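The following note sets out several points for a colleague who has the sequence and the coordinates at hand. It is arranged as numbered paragraphs that may be read against the display.

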Amino acid sequence: MSQQTSQSNHAYDSDANMDGRTDDEQEHQEPPASKEQQRISKIRSFRIRTVSTVVLIGSFLGFIWSGHVPLMFMIFCIQFAMVRELFRLAQKAQQEYAIIAEQRHGRRGFRKAKLGYSQQWYFFAVAAFWMYLRFVKNQLVVEITSSAKLAHLFGWIMRRHSLIAYTLYTGGFVTFVLRLQKRMYTYQFAQYAWTHMILLVVFIPSSFFVSNIFDGLMWFLLPCSLVIINDIGAYLFGMCFGHRKLIQLSPKKTWEGFIGGCLTTVIASWYLAGFLSRFKWMTCPRTDLSVYSWLDCEPDDLYKLRMYSLHEVQDSFPHPIPDYLDLWRQKGLLMQYLNPVLSALGSFSFTARPMQFHAVVLAAFASIIAPFGGFFASGFKRGFKIKDFGDSIPGHGGMTDRMDCQIVMATFGYLYFNNYVARETLAVGGVLTSMLQLGPDQQLELFSKLANILAGDELLPEEFVHDITETIKARADALSSGRICSASL
């Protein structure tokens with residue numbers, strides 16, 4: 001047992017290097033491999049990385065073609081892989097405390113007291129139930145109301161979704177408190193904090209991609225692609241021109257790569273948004289949960305070509321960008337140089353889609369702010385002296401290593417769309433969700449009035465509406481008499 005403790009202390013020794021060995025141990029390491037062996041190793045690593053990249057891209061495109069629901073399940077699998085990697089890291093981070101706790105209470109008492117995998121995954125399941133049902137509630141209502149049995153089984157769950165999620169979470173919370181044991185509080189609360197930190201920082205932000213998918217595949221594919229383009233552009237510019245280090249957490253990152261990646265992403269976003277806006281599969285929102293069902297909708301003005309003059313460009317960006325540009329012009333900053341250019345181009349006009357201006361904003365965020373998700377992950381790994389979060393992707397490390405910037409981008413894409421792009425539109429799912437909040441009498445009244453409206457528009461026969469009205473009236477009388485009897489009792 002003492003040997004295990006010393007090994008654990010050594011693993012978290014502040015003098016240990018990234019590979020887990022101290023400087024003294026590295027002095028006695030084996031001589032470095034020859035140049036030929038290094039070349040063979042690099043070629044092998046490059047092949048593995050290339051094959052896994054091709055497989056990842058092919059799988060991703062396959063899910064895009066399959067549609068919204070398969071893509072949602074792909075996101076869930078990615079989240080599952082990330083959370084599993086971080087749960088394992090949480091167990092390793094508390095390994096020293098676990099050994100001490102086991103010495104004090106024995107293995108049986110330690111197993112009884114610790115917040116194990118089962119309870120961690122329970123909180124994960126509760127978070128998934130709350131987040132996913134919140135984002136697909138309208139689409140799910142459309143599906144369950146297509147059948148009376150499904151509506152009867154799941155209608156109550158849809159009406160009480162948030163309360164059910166809170167009740168499930170409270171059950172896990174009470175279970176955790178009941179399992180607290182003396183002299184193990186630090187370990188147990190550390191595990192509890194790790195679990196909630198992982199769900200709050202990783203799982204919940206990445207779940208916003210689900211909402212982006214059903215708003216239109218473009219709002220999922222475009223932000224993801226911009227992060228990838230920025231990563232590639234920064235790598236190429238940094239490799240060719242990089243000299244000045246950008247940040248201490250990532251010594252290989254340079255200012256040249258950062259600026260080059262930013263320019264590459266902004267330029268690519270303009271053309272990529274223009275290309276994707278041509279396809280209804282990318283722009284139409286999904287209002288149900290059907291699989292392999294083609295989308296057909298009237299394209300929003302956001303995705304249609306229109307003519308722009310140079311003076312209209314600033315008004316195409318979301319506020320407060322036009323306000324800042326007006327202030328900049330009023331202050332006269334560099335205007336002595338820009339006025340001749342603006343005068344010469346005063347009659348210049350071009351065609352573009354409004355979505356392309358939104359894409360430029362997304363690109364700016366993807367290239368300036370989103371990389372800090374990667375810097376955060378780098379600092380985290382250095383703090384725990386690990387190279388990668390896992391090995392789930394050959395040649396790339398863990399799933400978390402590939403998704404660190406995407407998590408930041410998912411949240412911004414969701415907030416940007418709902419604050420600057422989304423319009424208040426009515427859909428069947430939204431109306432049904434609101435109807436489920438009504439009482440039985442109000443639902444019957446709504447149904448009766450809707451039947452009369454449809455009959456007035458000659459969409460339903462008069463006989464059918466008469467039968468519906470009589471049935472609803474009888475049902476309403478039965479409900480009223482039942483309440484009277486209950487009151488008299």
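1. The disulfide between C284 and C297 is left-handed, because the torsion about its S-S bond is about -90 degrees. The model is a predicted one, and in it the two sulfur atoms lie 1.9 Å apart, which is within the 2.5 Å that defines a disulfide. A search of the whole structure finds 1 disulfide.

2. Where do the two cysteines of this pair sit along the chain? Both C284 and C297 are placed in the loop between α13 (280-283) and β3 (306-309), 13 residues apart. A disulfide is a covalent bond joining the sulfur atoms of two cysteines.

3. The cover over the cysteines should be read residue by residue. C284 has a relative accessible area of 1% and is therefore buried. C297, at 24%, is partly exposed. For another cysteine, C240, the relative accessibility is 51%, so C240 counts as exposed; the cut-off for that class is over 50%.

4. The aromatic side chains merit separate attention. A search of the whole structure finds 35 aromatic pairs. One of them is formed by F80 and F124, whose ring centres are 6.2 Å apart and whose planes meet at 70 degrees, so the pair is edge-to-face. This pair links distant parts of the chain: F80 belongs to helix α4 (residues 68-93) and F124 to helix α6 (residues 117-135), with their positions 44 residues apart.

5. Are F80 and F124 buried or exposed? F80 is partly exposed, at 36% relative accessibility, whereas F124 is buried, with a relative accessible area of 5%. Both residues belong to one aromatic cluster, which is formed by F76, F80, F87, W121, F124, Y132 and F203.

6. A further residue of helix α6 is F123. F123 has a relative accessible area of 3% and is buried. Which residues does F123 contact, once its neighbours within four places in sequence are left aside? They are Y169, G172, F173, Y192, T195, H196 and L199. As for L199, its C-alpha atom is separated from that of F123 by 8.4 Å, although the two residues are 76 residues apart along the chain.

7. An arginine is also placed against an aromatic ring. The charged end of R306 sits over the ring of Y308, at 4.1 Å from the ring centre.

8. Helix α16 (residues 354-368) allows a simple check of geometry. At 1.5 Å a residue, its 15 residues should span 21 Å, and the C-alpha atoms at its ends are 22 Å apart, which agrees. The expected span uses one less than the number of residues. Helix α16 is mostly covered, since 13 of its 15 residues are buried.

9. Finally, some totals place these details in the context of the whole protein. The secondary structure comes to 21 helices and 4 strands. Of the 489 residues, 38% are buried. Among contacts between residues at least 6 apart in sequence, 75% join residues at least 24 apart. The accessible surface comes to about 29200 Å², and carbon and sulfur atoms account for 62% of that surface.

Key
Residues are numbered from 1 along each chain as its sequence is written. This is a predicted model: local features need pLDDT of at least 70, side-chain atom pairs count only at pLDDT 80 or more; totals for chains, interfaces and linings use all residues. Side-chain values use heavy atoms; hydrogens and water are left out. Buried means under 20% relative accessible area, exposed over 50%, partly exposed in between (1.4 Å probe, protein chains only). Rings of Phe, Tyr and Trp (its six-membered ring) pair if their centres lie within 6.5 Å; planes under 30 degrees apart count as stacked, over 60 as edge-to-face and the rest as tilted. A charge sits over a ring if NZ of Lys or CZ of Arg is within 6 Å of the ring centre and within 35 degrees of the ring normal. Contact means heavy atoms within 4.5 Å. Accessible areas come from the Shrake-Rupley method with a 1.4 Å probe; for residues, only the protein chains shown count as cover.
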